[in-house]
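Here's a quick briefing to read with the model open beside you. Have a look around first, then work through the topics below.

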Amino acid sequence: MTPVELHPGIGHPVLRLWQADGGPSPDRLIWPLFVADGRRVREPIAAMPGQCRWGVDRLREVLDPAVAAGLRAVLLFGVIGEGRDERGSRADDPAAPVPRALRLLRTAYPDLLLIADVCLCAYTSHGHCGILRPDGSLDNEASIARLAQIAAAYAEAGAHVVAPSDMMDNRVAAIRAALKSVRRSTTAILSYAAKLASCLYGPFREAARSAPAFGDRRAYQLPPPSRRLALRALRRDVDEGADAVLVKPGLPCLDLVREARDAVAVPVLAYQVSGEYAMLCHAAAAGAVDLREAALETLAAFHRAGASAVVTYFAPRLMGWLAGDRAEPRPARVRRRARIERLTARRRAP
Ligand code: PB1
């Protein structure tokens, strides 16, 4: 049993807030950001309307208004142009996007919670989340040693939280030990503990250029029907020293959010993944739903299930919507339906 340390989980005001119950609030939103190689990069992501890959030198352009509106936390994902190899060497290259972004944002926004995703898939030539043996199978021990190195490098670059999304066995204990070895034991670990294999990660893989070159991730992401396996993973990661845990995908796993909430004594976060985000965006564009209402409704569902905070690509827009701003102009079809519903309700009123 790993010695239990509480300080990492309360080392930042946002982390302390996560320890308490709460509903939809700007304080409990985490915005995933794609940070890319290159200068003056702003690349819209076709599969994720409204989201972009950002160069480090343009992060202030996108974060100044969001932080001014109340954004409290970001989750950084690196996107590299070249330099992929078998070990994901560029992940912790000091000149790589995430270490550079951490150094910049730690100074630019002293109160913003900086969460760095820790994984290899965006940096390996094979696109898997770990290191492979020559026969193509996963080498778990080599993988967790490499992931621990990356997590320690991100902590040294300024991450308040490291978030291993790889799903290797016992990487949390390895990361906890690595953080101690570089005297960063107050860096928190947000483990993607209950992460199911899902068809809903496709837009992310396009954004991060992180699709596996062969096969899939079912050998290390949890099988969707595995409720009890997810609970075993949650309990194991907390025992190994996770300060908070993530459940993903989000809406398809509300049951797991609730079970996780009842099973472990650390904050449970929900991740509204890229496919969920894209579905709502495209449904709204087709006039099937009102985007603001759908985003607010799903956010409320995550909190009702027991999430202390929510990772969502809607974060910057939810800042305004939670403050009462109306969404972008609604498609005519949605406006027409709302008008009919109002007229019908009026006629039926006693
Ligand atoms: O928004 C998303 O779809 C999240 C995808 C997620 C990021 N943590 C992973 C899913 C995947 O590509 O298998 C990336 C894994 N490191």
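Let's start at a loop: Pro 249 sits between β8 (244–248) and α8 (254–263). Keep in mind as you go that this is a predicted model. From that loop we'll move to the ligand, then to the space around it, and finish with one more backbone detail.

**The loop at Pro 249**
- Lys 248 and Pro 249 are joined by a cis peptide bond, with omega at about 0°.
- For background, most peptide bonds are trans.
- Lys 248 also has a role in the next topic, since it is among the residues that come nearest the ligand.

**Who surrounds the ligand?**
- There are 19 residues around the ligand, and the ones that come nearest are Arg 205, Arg 217, Lys 248, Ser 274 and Tyr 313.
- Sorted by class, that shell holds 11 nonpolar, three polar and five charged residues.
- Two elements, β7 (188–195) and α6 (202–208), each give the shell at least two residues.

**Polar contacts with the ligand**
- Lys 248 turns up again here, with a polar side-chain atom 2.8 Å from a nitrogen atom of the ligand.
- Ser 165 has a side-chain N or O atom 3.0 Å from a ligand nitrogen.
- For Tyr 192, the distance from a polar side-chain atom to a nitrogen atom of the ligand is 3.5 Å.
- How much of the ligand's exposed area does the protein bury? On its own the ligand exposes 420 Å², and the protein buries 100% of that.

**The cavity**
- How do you find empty space in a model? Rolling a probe the size of a water molecule over the atoms shows where it is left.
- Here the count comes to one cavity of 30 Å³ or more.
- The largest cavity has a volume of about 260 Å³, and its space is the one taken by the ligand.
- Its lining is made up of 25 residues, with Phe 77, Asp 117, Cys 121, Ser 165 and Phe 204 nearest the centre.
- β4 (73–79), β5 (113–118), β7 and α6 each give two or more residues to this lining, and α6 has the largest share, with three.
- By class, the lining of the largest cavity splits into 16 nonpolar, four polar and five charged residues.

**One more backbone detail**
- Arg 40 lies in the loop between β1 (29–36) and β2 (42–44).
- Its phi is near 55°, a positive value in a residue that isn't glycine.
- In general, most residues other than glycine have a negative phi.

Conventions
Residues are numbered from 1 along each chain as its sequence is written. This is a predicted model: local features need pLDDT of at least 70, side-chain atom pairs count only at pLDDT 80 or more; totals for chains, interfaces and linings use all residues. Side-chain values use heavy atoms; hydrogens and water are left out. A residue is near a molecule or strand if one of its heavy atoms lies within 4 Å of it. A polar contact is a pair of N or O atoms within 3.5 Å; within protein, one must be able to donate a hydrogen and the other to accept it, and residues adjacent in sequence count only if both atoms are side-chain atoms. Accessible areas come from the Shrake-Rupley method with a 1.4 Å probe; for residues, only the protein chains shown count as cover. On a 1 Å grid over the protein atoms alone, a cavity is a set of points where a 1.4 Å probe fits but cannot get out, and a pocket is an open set with protein on both sides within 12 Å along at least five of seven lines; lining residues have an atom within 4 Å of a point. A molecule sits in a cavity or pocket if more than half of its atoms lie within 2 Å of its grid points. Helices (H or I, at least four residues) and strands (E, at least two) are DSSP runs, numbered from the N terminus. Ala, Val, Leu, Ile, Met, Phe, Trp, Tyr, Cys and Pro count as nonpolar, Asp, Glu, Lys and Arg as charged, and the others, Gly among them, as polar. Grid points are joined across faces, edges and corners, and a volume is the space filled by probe spheres set on the points.
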